[in-house]
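Morning, everyone. Please pull up the sequence and the structure, and keep them open while I talk.

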Amino acid sequence: MIVDLVEEWEDEEVRRILGNALRVPWSARGDWPTLERAVLGAGPLHEVVHVVGWGGLTKNGPEAAAGISHLRDAVLRAREPAVFTLNDSAETLDVTIALHDVSSARGLQRLLKRELGFPDMYGHNWDAFWDAITGLVQLPGAIRLTGWPHLVRTLPDEAETLRESLERYAAESYPSPPLHPVFED
């Protein structure tokens, strides 16, 4: 999961975005200690959390940066083997998206939204996907899609559209360096 904080520095907004990404109730986002308790008490954390925009946040939002840093340390202590990284950019990330359990087009869109850090307003369709990857979020340098044969068998049209979209994005070189999608078992 990518949590994009590239343009966010306000403490309250950072807590809202992080709380949404980690699926924490609204009532638990009022301050950092409450958010931390909610995250730690919520059960298993998604295996991988990548916060991007770290450099700008430490410079422009030191209170939010301190809160995230403390939350990260608490999660890593309590949730072994959790992965919670702080990055300046998504371009250096290699994100794996497991498709093994996807059984519907809506489920695929929800998974892509969560794993690629799409905003709440994401429309859960292929036009919205294209808009998100070309202008709303910073994609990782590599996207590894595991369980690809399952997706092709279960949702062949969705699989083809996803492949075409990612390959088109890579060919048109939106990012620098370009995206490297990998489709594997």
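How do strand β4 and β5 pair, and over how many bridges? In the parallel sense, over five bridges. One point before I go on: this is a predicted model.

Let me give you the residue ranges. β4 covers residues 94-98. β5 covers residues 142-146. For the register between them, look at Asp94. The bridge partner of Asp94 in β5 is Ala142.

Now move to the other partner of β5. That is strand β6, residues 180-184. β5 and β6 also pair in the parallel sense, again over five bridges. Here the register can be read from Arg144, which stands opposite Val182 in β6.

Put the strands together. You get an open sheet of three strands, in the order β4-β5-β6, with parallel pairing. β4 and β6 are at the edges, and each has a single partner strand, so one side of each has no neighbour in the sheet. As for the twist, neighbouring strands of this sheet are turned by 15 degrees against each other on average, with direction ignored.

Is β5 largely enclosed or largely open? Count the buried residues. Buried here means under 20% relative accessible area. Four of the five residues of β5 pass that test, so the strand is largely enclosed by the rest of the structure.

Next, the other sheet. It is open too, with three strands in the order β1-β2-β3 and parallel pairing. β1 and β3, residues 83-87, stand at the edges. Each of them has a single partner strand, so one side of each is left without a neighbour in the sheet. The twist from one strand to the next averages 15 degrees.

For detail, take β2, residues 48-52. It pairs with β3 in the parallel sense, over five bridges. Val48 stands opposite Val83 in β3.

On to the largest pocket. How much space lies in it? About 720 Å³. The lining has 28 residues. Nearest the centre are Ile17, Gly117, Phe118, Pro119 and Asp120. Which elements give two or more residues to this lining? They are β1 (2-4), α1 (11-21) and α5 (105-116). By type, the lining divides into 13 nonpolar, five polar and 10 charged residues.

Hold on to Phe118, since it leads to the aromatics. Across the whole structure, a search finds five aromatic pairs. In one of them, the rings of Phe118 and Tyr122 have their centres 4.7 Å apart. Their planes meet at 50 degrees, so the pair counts as tilted. The cut-offs matter here: stacked needs planes under 30 degrees apart, and edge-to-face needs over 60. Both Phe118 and Tyr122 are buried. The ring pairs also go further, linking Phe118, Tyr122, Trp126 and Phe129 into a cluster.

Last stop, Ala66. Find it in helix α4, residues 62-78. Is Ala66 buried, partly exposed or exposed? Its relative accessibility is 47%, so Ala66 counts as partly exposed; exposed would need over 50%. Now compare Ala66 with Arg106. In sequence they are 40 residues apart. In space they are 36 Å apart, C-alpha to C-alpha.

To recap the sheets: one runs β1-β2-β3, the other β4-β5-β6. Phe118 is one of the residues nearest the centre of the largest pocket, and Phe118 also belongs to the aromatic cluster. Thanks, over to you.

Conventions:
Residues numbered from 1 in each chain as written. Predicted model: local features only at pLDDT ≥ 70, side-chain atom pairs only at ≥ 80, totals over all residues. Heavy atoms only, no water. 1 Å grid on protein atoms, 1.4 Å probe; cavity = no way out; pocket = protein on both sides within 12 Å on 5 of 7 lines; lining within 4 Å. Points joined across faces, edges and corners; volume = space filled by probe spheres on them. Nonpolar A, V, L, I, M, F, W, Y, C, P; charged D, E, K, R; others polar. Pairing = 2+ DSSP bridges. Axes fitted to C-alpha atoms, helices over the stretch in contact; angles between N-to-C directions. Phe/Tyr/Trp six-rings, centres within 6.5 Å; stacked < 30°, edge-to-face > 60°. Buried < 20%, exposed > 50% of the residue type's maximum accessible area, 1.4 Å probe, protein only.
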